[in-house]
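User: Got a minute to go through this one with me? I'd like a quick tour before I set anything up.

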Amino acid sequence: MTVLDILTYPDKFLKKQTQPVENIDGALQTVFDSMATTMYTAPGLGLAAPQVGIGQSFIIYDIAPKEDGHDLHVLVNPKIVTSEGEIISENEGCLSVPDFRADVKRAERVLVEGVDRDGNPLRFEAEGLLAIVIQHELDHLNGTLFIDRISALKRQMYKRRVKKEMKQQ
């Protein structure tokens with residue numbers, strides 16, 4: 001499969017909201033597989049369609065330990081139905097926000113609905129790392145980056161660093 005280019009901050013496409021997937025066809029299956037190859041190559045725990053320049057509502061993720069092999073999940077048109085509790089996602093990072101990590105407040109548990117890559121309805125509760133990854137990836141579908149959820153001071157420091165690096169290129 002193809003390794004796709006991952007868009008990085010400050011690419012404006014990352015701030016756009018996605019549109020629902022209307023049809024899960026063979027072409028979209030190929031995109032899911034290419035996104036998986038991209039995510040594993042990066043390496044990352046999840047990847048949302050906007051991160052590879054696709055304006056549709058789907059994510060992929062795999063939180064299985066590397067030694068256990070791959071356990072890829074595809075979630076199409078996902079939404080969080082309910083959330084409860086609060087947890088600090090320590091040292092959270094993002095493939096679209098390279099070389100930066102921060103603590104982010106997230107819900108401890110979420111109830112998620114969507115469909116799988118074959119169009120079968122899904123409804124499940126997630127907690128811990130899975131809840132964090134799902135919230136992070138769903139944020140991408142709404143045009144939100146994890147740096148939008150940290151303190152203004154830390155966000156400004158990162159933005160200044162990126163602007164400085166861009167000027168040096």
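User: How much of the protein chain counts as buried?

Analyst: This is a predicted model, to start with. Of its 169 residues, 40% count as buried.

User: And what's the radius of gyration next to that of a compact globule?

Analyst: The protein chain has 16 Å, and a compact globule with 169 residues would be near 15 Å, so the two agree. The C-alpha trace spans about 45 × 40 × 35 Å along its principal axes.

User: How many helices and strands?

Analyst: Three helices and seven strands. Along the sequence the pattern reads α-β-β-β-β-β-β-β-α-α.

User: OK, pockets. What volume does the largest pocket have?

Analyst: About 440 Å³. It is lined by 22 residues, and Leu-45, Glu-92, Gly-93, Cys-94 and Arg-101 are the closest to its centre.

User: Which elements give two or more residues to that lining?

Analyst: Strand 4 (87-94), strand 5 and helix 2 (128-141). Strand 4 has the largest share, with six residues.

User: How does the lining of the largest pocket divide by class?

Analyst: Ten residues are nonpolar, seven are polar and five are charged.

User: You mentioned helix 2. Is helix 2 largely enclosed or not, and why?

Analyst: Helix 2 is largely enclosed by the rest of the structure, because twelve of its 14 residues are buried. The buried ones include charged side chains: Glu-137 and Asp-139 are on that list, along with His-136 and His-140.

User: What about its span, expected against modelled?

Analyst: At 1.5 Å a residue, helix 2 should span 20 Å, and its end C-alpha atoms are 21 Å apart, so that agrees. Just after helix 2, Gly-143 takes a positive phi of about 80°.

User: Back to pockets. What lines the second largest pocket?

Analyst: That pocket has a volume of about 180 Å³. Its lining includes Tyr-9, Pro-98, Asp-99, Tyr-158, Arg-161 and Glu-165. Strand 5 and helix 3 are the elements that give two or more residues to it, and helix 3 gives the most, with five.

User: And its classes?

Analyst: Six nonpolar, two polar and three charged.

User: Switching to aromatics: how many pairs are there?

Analyst: The count comes to four aromatic pairs. One of them is Phe-32 with Phe-58, an edge-to-face pair at 5.1 Å centre to centre with 80° between the planes. This pair links distant parts of the chain: Phe-32 is in helix 1 (residues 26-41) and Phe-58 is in strand 2 (residues 58-61), 26 residues apart.

User: Are Phe-32 and Phe-58 buried or exposed?

Analyst: Both Phe-32 and Phe-58 are buried.

User: Tyr-158 came up in the second pocket. Why does the Phe-100 and Tyr-158 pair count as tilted?

Analyst: The planes of Phe-100 and Tyr-158 are at 45°, so the pair is tilted, with the ring centres 4.8 Å apart. This pair also links distant parts of the chain, from Phe-100 in strand 5 (residues 97-106) to Tyr-158 in helix 3 (residues 152-168), 58 residues apart.

User: What's the relative accessibility of those two?

Analyst: Phe-100 is at 16% relative accessibility, so Phe-100 counts as buried. Tyr-158 is at 3%, so Tyr-158 counts as buried too.

User: Which residues form one aromatic cluster with them?

Analyst: Tyr-9 and Phe-146 join Phe-100 and Tyr-158 in one aromatic cluster. Tyr-9 and Tyr-158 also line the second largest pocket.

Technical notes. Residues numbered from 1 in each chain as written. Predicted model: local features only at pLDDT ≥ 70, side-chain atom pairs only at ≥ 80, totals over all residues. Heavy atoms only, no water. Phe/Tyr/Trp six-rings, centres within 6.5 Å; stacked < 30°, edge-to-face > 60°. Helix = DSSP H or I, 4+ residues; strand = E, 2+ residues; numbered from the N terminus. Buried < 20%, exposed > 50% of the residue type's maximum accessible area, 1.4 Å probe, protein only. 1 Å grid on protein atoms, 1.4 Å probe; cavity = no way out; pocket = protein on both sides within 12 Å on 5 of 7 lines; lining within 4 Å. Points joined across faces, edges and corners; volume = space filled by probe spheres on them. Nonpolar A, V, L, I, M, F, W, Y, C, P; charged D, E, K, R; others polar. Expected span 1.5 Å × (residues − 1). Rg over C-alpha atoms; globule rule 2.2 N^0.38 Å.
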